[in-house]
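Here are some short exercises on side-chain contacts, each with a worked solution. Keep the sequence and the 3D view open as you go.

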Amino acid sequence: PTPTPTPTTTTDGDEGKDGAAAEGPSAAAAMASEFGALLKPRMFKTLVGRGHSEFSSGRQQDAEEYLQHLLEFIGRAEHQASSSGRFTTCMGPTLDKPIASWYQHGLQSRLQCGTTQTVRYNAEPPSTVLSLAIPLTEATNKEQIEVYQETQRLKRAKIEEKEGDGKAKEAKEDEGEGEAVLPLVPLSACLEQWAAPEVMADFKSPALGGQITTAEKSIRFTTFPPFLLIKAQRYYVDETWTPKKLEVRLDVPLTLDLEHLRAPSTGVGPDGTPSPYQEGEVPMPDEPEAPAAATAAPEVIEPDEGVVAQLVSMGFGENGCKRAAVANANNVEASMEWIFAHMEDADFNEPLPPPGTTPPADAAAGAAGAGGGGDGPNPEHVMMLTSMGFSDVHAAGALKATDNDMERAADWLFSHSDDLDGAVAALDAGAAAGGGGGGGGGGGAAAALEDGPATYKLRAFVSHIGSNTGSGHYVAHALKNVAGSTDGSTDEWVIFNDQSVAKSANPPLERGYMYLYERA
C-alpha cells in the first residue's frame, strides 16, 4: 500500500468542524515531494464511478452502496489480472484472495417449529456488511431525555403565550434553542437485537403437514472475517415516504468480542458426516415436493400473411419480414422495430426455419452455455454484448465463464480479444473435461471465506453530516499509526474530509454511519 501522508493539522474534532481547515499549498507540495504523485479524491471517484449511472454523477450517494460498488469494481480488476496471470505478481503472496472476501462473513439461520420443536439449519449467502437496526427503547439516558422533552414543552408553552401578546421574537430569543439531548444507544444493544429470535406467526410447518403454527428464527455467524463492516441503520422513510435520518447517538466500543454470536460447533450426523444439528435436536422434515407440472408444448407461431405483406410493402425482404412477424407474435409495430434492429444480421434474408427447430445463433449460444452449470446465457446479456461488436458465440462463452455476470463478461471479452476463438475453445474443452466454467476469466469455485477469532478493534468509521442520504456530506475517521510505533500505543485518530487530512482530537464516534473493525 502507498504510505499515508502524515497529518499536520490538529482540530477540535467537532463533527461539523473536524478537518474543515485544509492544509496549505506548502504542505501538499511537501507530501508530493515525499511520496510522489498523489491521487485526489475526486480523481479516484471519477475512475471508480466511470460508466455507472449513479456514481458517475454529482448526486449525493449512500456510503454503503458506494462501498459495495467499489468492491465489485476491484473484483472485476482482480478477474482481469487473474486471467492474464498478473494477479499474484501484482498483489503479492499474502493477498492471494479476492479483496471482497476479507470483509465477507458467513451466516447460518436456525428455524424451530413452535409446536413440534423440530429444527432446520440453513446456510445464508455471505454478507459484506453487518446491518444493525437501532433500538431506541434501549437508550441509556431515558431520564435525561424526559427532562429535556419537558423543558422543551414548557418553552413552547411560554412562546405560544407571548405570541398572543405580539412578542414572539422576544420570547424565542429569551428561551433560546439549547443543545438537544439525543438518545444514547449502546452498540451491544443493536447486536443483541440482531441476534434475538424472530417470531414467525404464520409458519407452515412441514412437521405438521403444512398446518399453520408459530416458529422462531435466529441467525449466527459461521465465519468471522479479518475486517468486519458494521452499518447503523440511521435512515428511514416516514409515513409520507420522505427520507429521514434517525437522530441518535451510539455508544461504540473500541474493542468487540463477538464469539458468543458464533454458530455452535458442527455436530456429527447418524452417518458420521458433519452436521449442524446439536445433541437432542430433531431435524425438521423437508418441504413436500409439489407434483411436477406437465410441460406444455411450445406454441408454434406462424407468420401472418397480412402482417408480412404490410412489411414487404415497405421494401423489406419477405424472409426477413416472416422472421420479424414470428419473433414478435405478428405485432406490426414491434416487427418493424425488430427489422431495423436485425436487418444487418447474416441470416436476416434466410428462409424461416421449420417450426420446432433452433436457429443457428441460438444453438451456438446454447452449446456455449452447456456444461457451465445452471441455465444457459442470459439472452438480454448476449444481445448487449453482441451490440458491442462481439459474436453470439463469443458473448455466450464470456457469460458462461463469468456466471452470467454482464460486466465481468465484457471485461473477459476485452481481456481475451487477442484470441477469442481460442479462449472459447478452451472453455469448451474445460467443460468437456469436467472443469465447468473455468477459463481463467472469473469462473471456478468461489474463494473460501476467511475465519478467525471474533475479537476486533475499531480502525475507522464514516459519518454523515446532513438530514438524509439525498443531501449532506460524508467524512471518514481512521485510527492511524502516526508516530511509527509497532504496538499501537501512538495510534491517533485522523479525519479525511475530501482533500483535507488532519488529526482529530475528539472523533465523533457516536455519530458514525459505518464502522470498520479489524481482527485484533
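**Exercise 1: Two strands, one salt bridge**

E492 has 29% relative accessibility, so it counts as partly exposed (buried is under 20% relative accessible area, exposed is over 50%, and partly exposed lies in between, with a 1.4 Å probe and protein chains only). Before going on, note that this is a predicted model, where local features need pLDDT of at least 70 and side-chain atom pairs count only at pLDDT 80 or more, while totals for chains, interfaces and linings use all residues. Residues are numbered from 1 along each chain as its sequence is written, and side-chain values use heavy atoms, with hydrogens and water left out.

Task: find the salt-bridge partner of E492 and say where the two residues lie.

Solution:
- Step 1. The side chain of E492 meets that of K503 in a salt bridge, 3.9 Å from N to O (a salt bridge needs a side-chain nitrogen of Lys or Arg within 4 Å of a carboxyl oxygen of Asp or Glu).
- Step 2. K503 is in strand β18 and E492 in strand β17 (residues 491-497), so the bridge ties together parts eleven residues apart in sequence (helices, H or I with at least four residues, and strands, E with at least two, are DSSP runs numbered from the N terminus).
- Step 3. K503 counts as partly exposed because its relative accessibility is 22%.

**Exercise 2: A bridge between a helix and a strand**

Task: decide whether E64 and K231 are buried or exposed, and locate their contact.

Solution:
- Step 1. E64 and K231 join their side chains in a salt bridge of 2.9 Å, N to O.
- Step 2. Helix α3 holds E64 and strand β8 (residues 227-232) holds K231, so parts 167 residues apart in sequence are tied together.
- Step 3. E64 and K231 are both buried.
- Step 4. For the wider picture, searching the whole structure gives eleven salt bridges.

**Exercise 3: Aromatic rings**

Task: work out how the rings of F55 and Y66 are arranged.

Solution:
- Step 1. The whole structure contains eleven aromatic pairs (rings of Phe, Tyr and Trp, the last by its six-membered ring, pair if their centres lie within 6.5 Å; planes under 30 degrees apart are stacked, over 60 edge-to-face, and the rest tilted).
- Step 2. The F55 and Y66 ring centres are 5.4 Å apart with planes at 75°, so this pair is edge-to-face.
- Step 3. F55 sits in the loop between α2 (41-49) and α3 (63-83), and Y66 in helix α3.
- Step 4. F55 counts as buried because its relative accessibility is 5%.
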